[in-house]
Amino acid sequence: PLRWGAAWRRLNKNRIATASAVVPVGMIIPCVLQPILSAHDYAQANLELGPTPPSGEHWMGTDFHGRDLMARIFFGGRISFAVGIIATLVSFVIGVSWGGVAGYFRGRVDSLMMRIVDVMYTFPFLILVILLQVYFANKDGVFFGAFKTVIGPFVENPEDPAWFPIFRICFVFAALGSVSWLTMARIVRGQVIALREQPFVEAARSIGVGHAAIIFRHLLPNALGPIIVYTTLTIPQIMLAEAFLSFLGVGTEEPLSSWGLLANNGAETIDLYPWMLIFPALMLAISLFCFNFVGDGLRDALDPRIRKD
């Protein structure tokens, strides 16, 4: 079993990892509190002002429509972090369940489930997400109709076109999460195979514990080390994928913003207005670096072969 106390002490000794864990939290807080902290609305345009460089009034400058770039970056951080975290949770639930069941039952069940994983691996990850976005996340599709039906009891006008960008973001959550669980399933399967013949599992079987309870109460909790590490490393992967999708124009849509969308807008005129690319790209790069450092630190701390204590 994993010794959490020793793992926590090893993680605390890794100052880069602990500092990297603090930075995203320090970024998420102003993103959440943006309407309170900012004197500018993220969608408030001033066409007469247009794109202006950083100043005392607009610390990160303004965009083409005269909107405060700092307000849009912090609002976009909400979407970028939400996509990374929520889509990772979706992939976590699917991957852990799929890998746990396949590794526990083995035999034909394992062969069938893992052949499905192998087939899905043959499709390029981002191309599959783009195809899902193009064919299913459109205004005339059945999914948008279902979305309007779900929000109908809670909003005054579910037919308002302004709901479509929000639907696209929700679909990004689902699309990225539904295709990013494959590696998680393989990792969990390997861990469960290594644990399924352990004495504590045999003891659970001998007293009549059901298959589901053995998988989710006994096996998976003892495989949490690698699962946590890969979950942490999945967040920056999905954030980068969302940024790439928005960069291609199939992710976040105006008037909403994400760091990928803002970077796309800035890249078009980097020679004239470099601040429009520098600031969102810098925020994205810092968050990706920090999550990767945290993942590396967790990997070292949770590796049972490491005994620096």
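Helices here are DSSP runs of at least four residues, numbered from the N terminus. The model is predicted. Helix 14 holds both F289 and F293, four residues apart, about one turn of the helix. The two rings form a stacked aromatic pair. Their centres lie 6.4 Å apart, with 20° between the planes. F289 is exposed, at a relative accessible area of 54%. F293 is partly exposed, at 38%.

Helix 14 spans residues 275–302, and L302 belongs to it. L302 is buried, because its relative accessible area is 9% and the cut-off for buried is under 20%. In sequence, 73 residues separate L302 from V229. In space, the C-alpha atoms of L302 and V229 are 8.1 Å apart.

Other aromatic residues also pair. The count of aromatic pairs comes to 16. One of them joins Y104 and F105 in an edge-to-face arrangement. Here the ring centres are 5.0 Å apart and the planes stand at 85°. Y104 is buried, with 3% relative accessibility. F105 is partly exposed, with 38%. Elsewhere, seven phenylalanines are listed in one aromatic cluster: F136, F143, F144, F147, F164, F167 and F171.

F167 also appears in the interior. The largest nonpolar core has 25 residues. F167 is among those with the most contacts inside this core, together with I79, V83, V129, L176 and L256. Four elements give two or more residues to the core: helix 4, helix 7 (142–151), helix 8 (163–179) and helix 12 (224–248). Helix 8 gives the most, with nine residues. Apart from this core lies another, of 18 residues. M27, F81, M276 and L288 are among its members. In soluble globular proteins, nonpolar side chains tend to be buried together.

L176 illustrates the packing in the larger core. Residues up to four places away in sequence are not counted here. L176 touches V83, A87, F125 and V129. L176 also touches I238, A241, E242 and L245. Of these partners, V83 and V129 are named with L176 among the residues with the most contacts inside the core.

Helix 13 (residues 259–267) is largely enclosed by the rest of the structure, because eight of its nine residues are buried. The buried residues are W259, G260, L261, L262, A263, N264, N265 and G266. The elements that cover them include helix 2 (15–32), helix 4, helix 12 and helix 14.

Helix 11 has buried residues as well. They are A213, I214, I215 and L219. These residues pack against helix 4, helix 9 (182–195) and helix 10. The axes of helix 10 (residues 199–206) and helix 11 (residues 211–219) come within 11 Å. They cross at roughly 145°, and the crossing is right-handed. Helix 10 contributes F200, V201, A204 and R205 to the contact. Helix 11 contributes I214, H218 and L219. By class, the contact has five nonpolar residues, one polar and one charged. I214 and L219 thus appear twice, as buried residues of helix 11 and as contact residues facing helix 10.

Two arginines lie in loops that border helix 4. R67 is in the loop between helix 3 (34–37) and helix 4. R67 is buried, with a relative accessible area of 7%. Beyond its neighbours within four places in sequence, R67 is in contact with Y42, A43, Q44 and A45. The contacts of R67 also include G61, T62, R72 and E254.

R106 is in the loop between helix 4 (69–105) and helix 5 (107–121). The phi of R106 is near 55°. This is a positive value in a residue other than glycine. R106 is partly exposed, with a relative accessible area of 31%.

Definitions and conventions
Residues numbered from 1 in each chain as written. Predicted model: local features only at pLDDT ≥ 70, side-chain atom pairs only at ≥ 80, totals over all residues. Heavy atoms only, no water. Axes fitted to C-alpha atoms, helices over the stretch in contact; angles between N-to-C directions. Left-handed = near helix turned anticlockwise from the far one by under 90°. Contact = heavy atoms within 4.5 Å. Nonpolar A, V, L, I, M, F, W, Y, C, P; charged D, E, K, R; others polar. Buried < 20%, exposed > 50% of the residue type's maximum accessible area, 1.4 Å probe, protein only. Core = buried A, V, L, I, M, F, W, Y, C linked by side-chain atoms within 4.5 Å. Phe/Tyr/Trp six-rings, centres within 6.5 Å; stacked < 30°, edge-to-face > 60°.
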